[in-house]
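Please walk me through this protein model, part by part. Keep it short and plain.

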Amino acid sequence: MTSEPEELAARVRTVAREAGASAVAIAAARRDGVTETRLREAFARGDFATWHYDDAYAARATSPQSILPGARSVICVAVAYATRARSRALPLQGRVSNYAWSHDYHRRVRGILEPVAAALDAFAGEPATRIVCDTTPFAERAFAARAGLGWIGKHTNLIAPKIGSFVFLGEIVTTLLLTPDAPLTKSCGSCRRCVDVCPTGALRGDATIDARRCISDLTQRTDAVPISLRPLMGTWVWGCDLCQEACPPTQRAGFAADAAFAPQDDARAQPDLPALLRLRSSRFKREFRATAMGWRGAAVLRRNAAVALGNTLDRAAVPVLAQALEDDPHPLVRGHAAWALGRIGSPAAVAALRERHAREGDAQVRDEIAAALGAMETFTGAQALELGRASSAV
């Protein structure tokens with residue numbers, strides 16, 4: 001005879017899959033002391049310093065009771081989102097992480113969770129659930145792993161069998177008792193492809209990450225990107241998929257996502273960098289506000305476009321960078337445009353930097369211009385020294 005917790009668990013799986021979940025699993029709503037300790041250690045190392053997490057966050061995120069008093073079960077769902085870009089990259093195009101190609105994923109995942117929560121509330125005859133979808137402190141990957149939805153990879157993302165790591169996660173915390181699933185015994189073994197492919201060395205290989213070096217985090221911070229890390233960002237303007245693209249289980253999973261996650265247009269996956277550098281508030285609200293790229297504002301995207309243009313090393317980018325240095329209203333963008341001009345280092349770039357330096361009113365931007373000019377002079381001097389040594393050796 002099937003017990004009530006088993007029947008409820010079966011009902012949950014049916015409703016969630018009908019609503020669009022790629023995978024569903026259930027964990028007991030026990031406090032996760034192991035993950036709390038790992039989070040506290042990460043915060044103490046400064047791994048997430050740009051996000052200002054603290055020990056109180058670690059305690060809340062690992063206790064379902066902080067989400068819903070009396071919680072007994074946590075329902076975890078995964079939604080596959082990997083899709084293909086529709087066109088190949090062209091010169092002066094940037095890259096956007098796959099998760100941000102379409103409408104904001106929070107709405108889609110919440111739309112899957114809502115009918116499940118409604119069914120449980122109806123069964124209980126009263127509110128018995130709370131939906132969690134990246135909107136409140138919750139260690140969703142840890143609970144998904146405990147539920148057997150997947151395992152935590154060395155890139156710190158959850159890897160779901162047959163689906164890979166390109167998955168959105170969502171949870172329902174409930175006071176109802178549902179039969180929990182068993183954790184998987186899988187791991188990444190000796191594979192470290194994700195670790196080796198990370199340009200900034202953010203991944204340590206033990207399922208921890210220094211987020212201060214992660215390209216995805218760098219594109220989302222609101223202050224200046226550290227100069228030493230800018231050349232390593234490539235042409236990413238939002239997020240980064242390199243570690244997941246290198247992951248064998250994710251490669252084998254392929255592209256089986258809902259069509260709703262396909263790029264809204266070609267420019268969403270591979271934006272035109274000069275156009276993005278010229279982005280202003282009205283266009284930003286029209287094109288990006290409803291996406292996962294919309295929460296940091298237009299200036300952050302323009303800053304990222306400036307860095308990406310610098311990393312193309314393409315002299316065709318100099319005019320638009322020079323224009324941004326001249327008239328962008330945000331000092332953050334002008335400073336990064338100065339760096340990008342210095343990285344390209346053409347005569348026209350040098351001229352733009354020198355001409356603007358005398359008129360720039362913001363001290364930090366002037367420092368960026370001076371640093372860009374100084375870096376080029378140092379590089380030119382080193383080249384001359386090397387040429388002199390080569391001539392002497394002949």
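## Paired strands

Two strands pair if DSSP finds at least two bridges between them. Keep that in mind while reading this predicted model. Strand 1 (residues 23-28) and strand 2 run antiparallel, and 6 bridges join them. One position shows the pairing: A28 stands opposite S73 in strand 2. Strand 2 also pairs with strand 7 (residues 167-174). That pairing is antiparallel too, over 8 bridges. Here A78 has L169 of strand 7 as its bridge partner.

How many of the residues of strand 2 (residues 73-80) are buried? The count is 8 of 8, so strand 2 is largely enclosed by the rest of the structure. In a regular strand, side chains alternate between the two faces of the sheet. Strand 2 shows two sets: S73, I75, V77 and V79 point one way. V74, C76, A78 and A80 point the other way. Both sets are buried.

## The nonpolar cores

The largest nonpolar core has 80 residues. Which of them touch the most other members? They are I75, L277, L321 and L353. Helix 14 (residues 298-312) gives the most to this core, with 9 residues. Another core lies apart from it and has 26 residues. Among them are I67, A144, L169 and V173.

Now look at I75 in strand 2. Leave aside its neighbours within four places in sequence. I75 is then in contact with V12, V24, A25, I26, V116, L120, G170, E171, I172, T174 and L178.

## Helix 2: two sides

Helix 2 (residues 33-45) has 13 residues. At 1.5 Å a residue, they should span 18 Å. The end C-alpha atoms are 18 Å apart, so the two values agree.

Which residues of helix 2 are buried? They are T35, E36, L39, A42 and F43. These residues cover an arc of only 125° around the axis, so they sit on the same side of helix 2. On the other side, V34 and A44 are exposed. What covers the buried residues includes helix 3 (55-61) and helix 6 (140-146).

Both ends of helix 2 have a feature to find. D32 caps the N-terminal end. One of its side-chain oxygens lies 3.3 Å from the backbone nitrogen of V34. G46 follows helix 2, and its phi is positive, near 90°.

## Helix 16: enclosed

Helix 16 (residues 331-344) has 14 residues, which should span 20 Å at 1.5 Å a residue. Its end C-alpha atoms are 20 Å apart, so the expected span is met. Is helix 16 largely enclosed or largely open, and why? It is largely enclosed by the rest of the structure, because 12 of its 14 residues are buried. The buried residues include R334, H336 and W339. L332, V333, L341 and I344 are also among them. Just after helix 16, G345 takes a positive phi of about 70°.

## A serine in helix 8

S216 has its place in helix 8 (residues 215-218). Is S216 buried or exposed? Its relative accessible area is 15%. Buried means under 20%, so S216 counts as buried. Not counting residues up to four places away in sequence, S216 touches G239 and C240.

Definitions and conventions: Residues are numbered from 1 along each chain as its sequence is written. Side-chain values use heavy atoms; hydrogens and water are left out. A nonpolar core is a set of buried Ala, Val, Leu, Ile, Met, Phe, Trp, Tyr and Cys residues joined through side-chain atoms within 4.5 Å. Buried means under 20% relative accessible area, exposed over 50%, partly exposed in between (1.4 Å probe, protein chains only). Helices (H or I, at least four residues) and strands (E, at least two) are DSSP runs, numbered from the N terminus. Contact means heavy atoms within 4.5 Å. The expected span of a helix is 1.5 Å times one less than its number of residues. The arc is that of the directions from the helix axis to the C-beta atoms. A polar contact is a pair of N or O atoms within 3.5 Å; within protein, one must be able to donate a hydrogen and the other to accept it, and residues adjacent in sequence count only if both atoms are side-chain atoms.
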